[in-house]
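Reader: Please take one part of this model and go through it closely. I would like the strand pairing and the burial, then the setting around it.

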Amino acid sequence: PACLHLQQSFPVAIVYLNFRVFGRQGEFLKSQETRCVDAAHLTLALSESDAVWFRTLKPLADVEVLLPPLRLDLERLARKRPKVKRDLLTCVVRLSAEKEPERFVRLVEHLAARKAFDEGHGYPENLRPVLITGRAELEGDSPLVKRFLAAHPAAEAYPYMTPRGLAELFGRTRLLVHPPAYDAFGMTVVEAAAFGAPSVFVPNADVGAKHALVVRRDDETRVAEGLVRSLDPAFGPDDRLGEGDKVEARHLGKEKYYPGKILRDRGDGTFDIAYDDDEAFFEIDMDDAHAGDCAPADRPVMDVGAMTSDQVRHWKKKHDDGVHEFVKLLKNEALLNKVGKIARKRAMGWTEAAHGRRLMGFLGGVAKDAEQEKKEYAAMLPKEPPKPPPRDFVSEWKEVKIEQPKDDDTIGDDSVDIAEKYGEIRYIPLENCLEGVPNMPPPPDTNPDLIPASMRPPTAPGTVL
């Protein structure tokens, strides 16, 4: 930054806009990201976890999170979306290891085994699984695509779509499955949300787009006890609320109750409440699919083969697996619509215009920092001595009459008398007086005899000067 500041006449502000963290994969990439963070006045990350990573590279670095916005073309299509039947279970990912597409394929296989895509089994009518991925992967010999299409006759796979194609797809999506445990952002999550389609992740998935679908409420102090009620079913009329209790309270005194917990009992009939965030998405362990035949380590292991059919049904109900939870979610249309509306509201509020305003707010602060930094660098430079003003050769031109001028235009034997008459005289050729001053004409009243031949203007033959 110092070199850039000093080379330019204006301050140079450097912003490092990161779209994906590679430094976790090796020391070389980590060193390159460290150099970027160190040189930048501001680092912008796509998720809070990425921001934490950059702060570990340089603890005092200025790191902020700037989520990508909903694309303008999809925003316009989402505002005019028609209401259609939602009959698609959708996944839009590349077939690369970090996107973990196999998780979605495996989920579809488990759902197909439970007749989720067949009629007459209590599932949403005509539910179909759809995979959107790269054209080259579909046209090539991809074992994963073949496995997906073989899971059920209703399975369909398409290449990446135009905005209008995505609008039609997400308008019919009942639930979007985003399979990776880590994704810097996941733009399709926000795009689906704009059309009212909620998304499902694995538990604690580190996906940047989740932050765009969270409604945060500020904690509130001194909430009157009459506005707070316990969420504990065993809470009786004689019980008293205390710190750490899970409650719901009327945020800002309004009519609607929101869940949270008591941070502090003021002792005067009021409480400090920390409200829970409203998350417009779902988290389900989609890898947990024992279906009563085997149990994960956190469930009691039973000899299912020795149990009666009624005991097996009871055991399955008591120890539902992750896929069964997914099945129940697919059937709960009211919950999907409710969360989808919240997700749509959040997505439509983070447009390109809102993103631009946030970005300009960041850049305004960076520009001021760069200007101050340039002044500090300039103050460190050694002071150069002032340069003498350029000589004004015209004002210094003197007409000197020499009785016996020499051929080389220098002052000869009469120099002593001239020095006495004019003071100190520099004995140099007259041409050198104009050295470095191109095309400098002599004063108009100069004696022509004193003008060197090289400086005289061209004349016609016979001209008398």
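Author: What follows looks at strand 16 and its partners, then turns to a loop residue, a pocket and the whole chain.

The model is predicted. Start with burial. Strand 16 covers residues 270-275. Six of its six residues are buried, so the strand is largely enclosed by the rest of the structure. Buried here means under 20% relative accessible area. Take the two faces in turn. One side carries T270, D272 and A274, and these are all buried. The other side carries F271, I273 and Y275, and these are buried too. Both faces of strand 16 are thus covered.

Now the partners. Strand 15, residues 257-265, pairs with strand 16 in the antiparallel sense. Five bridges join strand 15 and strand 16. In one of the facing pairs, G260 stands opposite Y275. Strand 15 and strand 16 also form a hairpin, with four residues between them. The turn holds G267, whose phi is positive, at about 80°.

Strand 12, residues 220-224, is another antiparallel partner of strand 16. Three bridges link strand 12 and strand 16. V223 has F271 of strand 16 as its bridge partner. F271 is one of the buried residues described above.

Next, a buried residue in a loop. T351 sits between helix 12 (333-348) and helix 13 (352-380). Its relative accessible area is 10%. The cut-off for buried is under 20%, so T351 counts as buried. Which residues does T351 touch, leaving aside its neighbours within four places in sequence? They are P69, L70, E75 and R79.

Then the second largest pocket. About 610 Å³ of space lies in this pocket. The lining has 27 residues, and R94, K99, D183, G186 and M187 are the closest to the pocket centre. Strand 8 (182-183) and helix 9 (187-194) each give at least two residues to the lining. Helix 9 supplies the largest share, three residues. By type, the lining divides into 14 nonpolar, four polar and nine charged residues.

Last, the wider setting. The protein has 465 residues, and 39% of them are buried. Its secondary structure comes to 15 helices and 18 strands. Among contacts with a separation of 6 or more, 67% join residues 24 or more positions apart. The accessible surface is about 27,600 Å². Carbon and sulfur atoms account for 53% of that surface.

Key. Residues are numbered from 1 along each chain as its sequence is written. This is a predicted model: local features need pLDDT of at least 70, side-chain atom pairs count only at pLDDT 80 or more; totals for chains, interfaces and linings use all residues. Side-chain values use heavy atoms; hydrogens and water are left out. On a 1 Å grid over the protein atoms alone, a cavity is a set of points where a 1.4 Å probe fits but cannot get out, and a pocket is an open set with protein on both sides within 12 Å along at least five of seven lines; lining residues have an atom within 4 Å of a point. Grid points are joined across faces, edges and corners, and a volume is the space filled by probe spheres set on the points. Ala, Val, Leu, Ile, Met, Phe, Trp, Tyr, Cys and Pro count as nonpolar, Asp, Glu, Lys and Arg as charged, and the others, Gly among them, as polar. Buried means under 20% relative accessible area, exposed over 50%, partly exposed in between (1.4 Å probe, protein chains only). Contact means heavy atoms within 4.5 Å. Accessible areas come from the Shrake-Rupley method with a 1.4 Å probe; for residues, only the protein chains shown count as cover. Two strands pair if DSSP finds at least two bridges between them.
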